Amino acid sequence: MIRDVLRMGDARLLRIAEPVPQTLFGSAELQALITDMQDTMASLNGAGLAAPQIGANLRVVIFGVGANPRYPDAETVPFTILCNPVLTPIGPEMEDGWEGCLSVPGMRGLVPRHARLRYTGTDERGQPIDREVSGFHARVVQHECDHLDGILYPRRIRDLSQFGFTREIFGEDLADD
Ligand code: NI
């Protein structure tokens, strides 16, 4: 079911989300939440969504970016369901990149993120996930996991002159990610 996405200013986006308890892995309840997250993300052409964005205060994120014929050089990210994530940066390198967010519709900002990192966690059945990633994949994971700690990307922008409406910056409306 497609759910409403909370928007910046809603206090529920500022909470520290609760870990998914062991008892919830493999349950119909968790599967229903994830199905709603997938439906909602797909309906908005998003690259990722965190459970708090639909009002569920749990440490669950989903993300994934398929091949887009309009952007043949864009990096793809495998569709992933990630519960109770732990992120560990690899090395000191940071990279600036433009981000949008379904909770901040119509806008983009230039955000520094760790260029490489390892992330661990589990899928919705409790099976372990352990990956080392870089570039766009690393950026998407950092953006989504920030939502679990109540952080929206505008708080990460270092130079607020690099924050504005997508159409004004890029000359066209783009998906909100
Ligand atoms: Ni977001």
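Asp146 and Arg156 meet in a salt bridge whose closest N and O atoms are 2.8 Å apart. Because Asp146 belongs to helix α2 while Arg156 belongs to the loop between α2 and β8, this pair ties together parts that are ten residues apart in sequence. The two partners can also be described by their accessibility: Asp146 counts as buried at 8% relative accessibility, whereas Arg156, at 35%, counts as partly exposed. Salt bridges that share partners extend the picture, joining Glu99, Arg113, Arg139, Asp146 and Arg156 into one network. All of this is read from a predicted model, and the values that follow should be taken in that light.

## Salt bridges

Side chains of opposite charge can pair when their charged atoms come close. The structure holds ten salt bridges, and one of them is formed by the side chains of Arg59 and Asp149, with a distance of 3.0 Å from N to O. Arg59 lies in the loop between β1 (48-50) and β2, and Asp149 lies in the loop between α2 and β8 (163-165), so this pair ties together parts that are 90 residues apart in sequence. Arg59 counts as buried, with 15% relative accessibility, while Asp149, at 33%, counts as partly exposed. A further salt bridge links Arg125 with Asp123, and here the closest N and O atoms are 2.8 Å apart. In this pair Arg125 is exposed, its relative accessible area being 54%, whereas Asp123 counts as buried at 11% relative accessibility.

The table sets out the three pairs described so far.

| Pair | Closest N to O distance |
|---|---|
| Asp146 and Arg156 | 2.8 Å |
| Arg59 and Asp149 | 3.0 Å |
| Arg125 and Asp123 | 2.8 Å |

## The nickel site

Which residues provide the protein donors of the nickel ion? They are Cys101 through its SG atom, and His143 and His147 through their NE2 atoms, and they lie 2.1 to 2.3 Å from the ion. Along the chain these donors follow the spacing C-x41-H-x3-H. Cys101 is found in the loop between β4 (94-99) and β5 (107-114), and His143 is found in helix α2 (residues 135-148), so the pair ties together parts that are 42 residues apart in sequence. Both Cys101 and His143 are buried.

## A buried glutamate in helix α2

Glu144 also has its place in helix α2. Is this residue, which has no salt bridge, buried or exposed? Glu144 is buried, and the nearest side chain of opposite charge, that of Arg113, is 8.3 Å away. Since a salt bridge requires a side-chain nitrogen of Lys or Arg within 4 Å of a carboxyl oxygen of Asp or Glu, the distance to Arg113 explains why no such pairing is counted for Glu144. The side chain of Glu144 does, however, reach the backbone nitrogen of Ala50 at 3.5 Å. Leaving aside neighbours within four places in sequence, Glu144 is in contact with Gly48, Leu49, Ala50, Gln53, Val61, Ile62 and Phe63.

## Strand pairing

One of the residues in contact with Glu144, Val61, also appears in the strand pairing, where its bridge partner in β3 is Leu82. Strand β2 (residues 60-65) and strand β3 (residues 77-89) pair in the antiparallel sense, over five bridges. Strand β3 pairs in the antiparallel sense with strand β6 (residues 116-122) as well, again over five bridges, and in that pairing Thr88 stands opposite Arg118 in β6.

## Backbone angles and a distant pair

Most residues other than glycine have a negative phi, and most peptide bonds are trans. Asn45, however, has a positive phi, near 55°, although it is a residue other than glycine. Asn45 lies in the loop between α1 and β1 and is exposed, with a relative accessible area of 60%. Asn84, which is not a glycine either, has a positive phi of about 50°. Asn84 has its place in strand β3 and is partly exposed, with a relative accessible area of 24%.

Arg12, finally, has its place in the segment before α1 (28-43) and is partly exposed, with a relative accessible area of 38%. The C-alpha atoms of Arg12 and Ala56 are separated by 8.9 Å, and these two residues are 44 residues apart along the chain.

Definitions and conventions:
Residues numbered from 1 in each chain as written. Predicted model: local features only at pLDDT ≥ 70, side-chain atom pairs only at ≥ 80, totals over all residues. Heavy atoms only, no water. Donors = N, O, S within 2.8 Å, 3.2 Å for Na, K, Ca; no water. Helix = DSSP H or I, 4+ residues; strand = E, 2+ residues; numbered from the N terminus. Buried < 20%, exposed > 50% of the residue type's maximum accessible area, 1.4 Å probe, protein only. Pairing = 2+ DSSP bridges. Lys, Arg positive; Asp, Glu negative; His and termini not counted. Polar contact = N/O pair within 3.5 Å; in protein donor to acceptor, adjacent residues only side chain to side chain. Contact = heavy atoms within 4.5 Å.
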